[in-house]
Every structure is written in C-alpha cells, then in structure tokens.
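Colleague: Can we go through this one together? I have a few short questions.

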Amino acid sequence: MEEVTIQEASRRLNVSQDVIRRYIREGRMNARRQTGEEGRSWVVELPDDGWQDDHKDHINGLARQLTPWWWPNPQQRGEVHYVDSLGIEEVAPVYLCGLTSEDFWPAVGHAVEQRCPICVDEVRHRGLPMETRE
C-alpha cells in the first residue's frame, strides 16, 4: 500500500482533508505518524482503486436507482448523457463522454434519439445497462 500525506490523499481521493481525518479517527483509513526532515506528520495508507467515501457512495446509489441518463442543464435540452461519476464535496457529474457539468437533472422519459452518441458507444463498450430504471 502506498502511503501519502493527508493533503495528497485528499487530492487523490477527491475528498476534503476533514473527511480523511475523520476516517482516520474512525479507524476506516490507516494512518501513522512519521518523523521527517520537516518534523512529525501523518501519512495515510491509500485505499484500493474504486474506493468511495460515504457521500459519493450514497449519491451514486441514488443515481443507480433512478436512471443513468441525465441532463447537464436545467432547461433539459440537447443531449442526455450517461453519468460516469459524481464529485465528492459538491455534485459535479462527469459523463462517459468526458463532459462535466455543475449539476445534473434526471432525463426520465427522454427519447432514445436524445442520447449522446459518445456515451452510447461507451455504455456498449463497458457493458453497462442502457435502459433507464424509472
């Protein structure tokens, strides 16, 4: 396991340093004090790939229950996109095609023709569920 500073763990895992510290206190992340050139500091053992904090896990669970297809704008116009991942501290979806947006709106009842063709290709490539779950 790779050990990094709390600041680096925060950056790599896309969570706040407070979340890292809380998980250390709760025993959910391994950490230890080390003495270095700059004095004593904490190093954190990075978790395995695919790790998610509780908030992201909850948000992704909600998204899986509803629909994988979302509008990237409140006007619900243009193409709908397949959510690949969500931000941690704030909702900031990243779609399979690489598009990001500041928020997202469910595309329940959209027409298949409205789907982003890049997202559709990536869904097929990854073997993800294509249909909505509403």
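Modeller: Below we take the sheet, the cores, the cysteines and one proline in turn; bear in mind that this is a predicted model.

Colleague: Sheet to begin with. What is the strand order, and is the pairing parallel or antiparallel?

Modeller: The order is β1-β3-β2 in an open sheet of three strands, and the pairing is antiparallel.

Colleague: Which strands stand at the edges?

Modeller: β1 (3-5) and β2 (31-36). Each has a single partner strand, so one side of each has no neighbour in the sheet. From one strand to the next, the twist averages 45 degrees.

Colleague: How many bridges join β2 to β3?

Modeller: Six, with β3 covering residues 39-45. Within that pairing, Arg33 has Trp42 in β3 as its bridge partner.

Colleague: Which helix packs on the sheet?

Modeller: Helix α1, residues 6-13, which touches β1 and β3. The direction of α1 makes about 100 degrees with that of β1.

Colleague: Next topic, the cores. How many residues are in the largest nonpolar core?

Modeller: The largest one has 15 residues. Trp69, Tyr82, Tyr95, Cys119 and Val123 have the most contacts inside it. β4 (69-71), β5 (81-85) and α4 each supply at least two residues of this core. A second, separate core has twelve residues, among them Ile6, Val15, Ile20 and Val44.

Colleague: You listed Cys119 there. How many disulfides are there?

Modeller: Zero. For Cys116, the nearest cysteine sulfur is that of Cys119, 3.8 Å away. For Cys119, the nearest is that of Cys97, also at 3.8 Å.

Colleague: Why does 3.8 Å not count?

Modeller: Because a disulfide needs the two sulfur atoms within 2.5 Å, neither Cys116 nor Cys119 is in one.

Colleague: Are those two buried or exposed?

Modeller: Cys116 is buried, with a relative accessible area of 3%. Cys119 is buried too, at 0%.

Colleague: Last one, Pro129. Where is it found?

Modeller: Pro129 is in the segment after α4 (117-126).

Colleague: Why do you call Pro129 partly exposed?

Modeller: Because its relative accessible area is 46%, and partly exposed covers values between the 20% limit for buried and the 50% limit for exposed.

Colleague: And what is Pro129 in contact with, sequence neighbours aside?

Modeller: Leaving out residues within four places in sequence, Pro129 is in contact with Pro68, Tyr82 and Val123. Tyr82 and Val123 came up earlier, among the residues with the most contacts inside the largest core. Pro68 is 61 residues from Pro129 along the chain, and their C-alpha atoms are separated by 8.2 Å.

Notes: Residues are numbered from 1 along each chain as its sequence is written. This is a predicted model: local features need pLDDT of at least 70, side-chain atom pairs count only at pLDDT 80 or more; totals for chains, interfaces and linings use all residues. Side-chain values use heavy atoms; hydrogens and water are left out. Helices (H or I, at least four residues) and strands (E, at least two) are DSSP runs, numbered from the N terminus. Buried means under 20% relative accessible area, exposed over 50%, partly exposed in between (1.4 Å probe, protein chains only). Contact means heavy atoms within 4.5 Å. A nonpolar core is a set of buried Ala, Val, Leu, Ile, Met, Phe, Trp, Tyr and Cys residues joined through side-chain atoms within 4.5 Å. Two strands pair if DSSP finds at least two bridges between them. Axes are lines fitted to C-alpha atoms, for helices over the stretch in contact, and angles run from 0 to 180 degrees between N-to-C directions.
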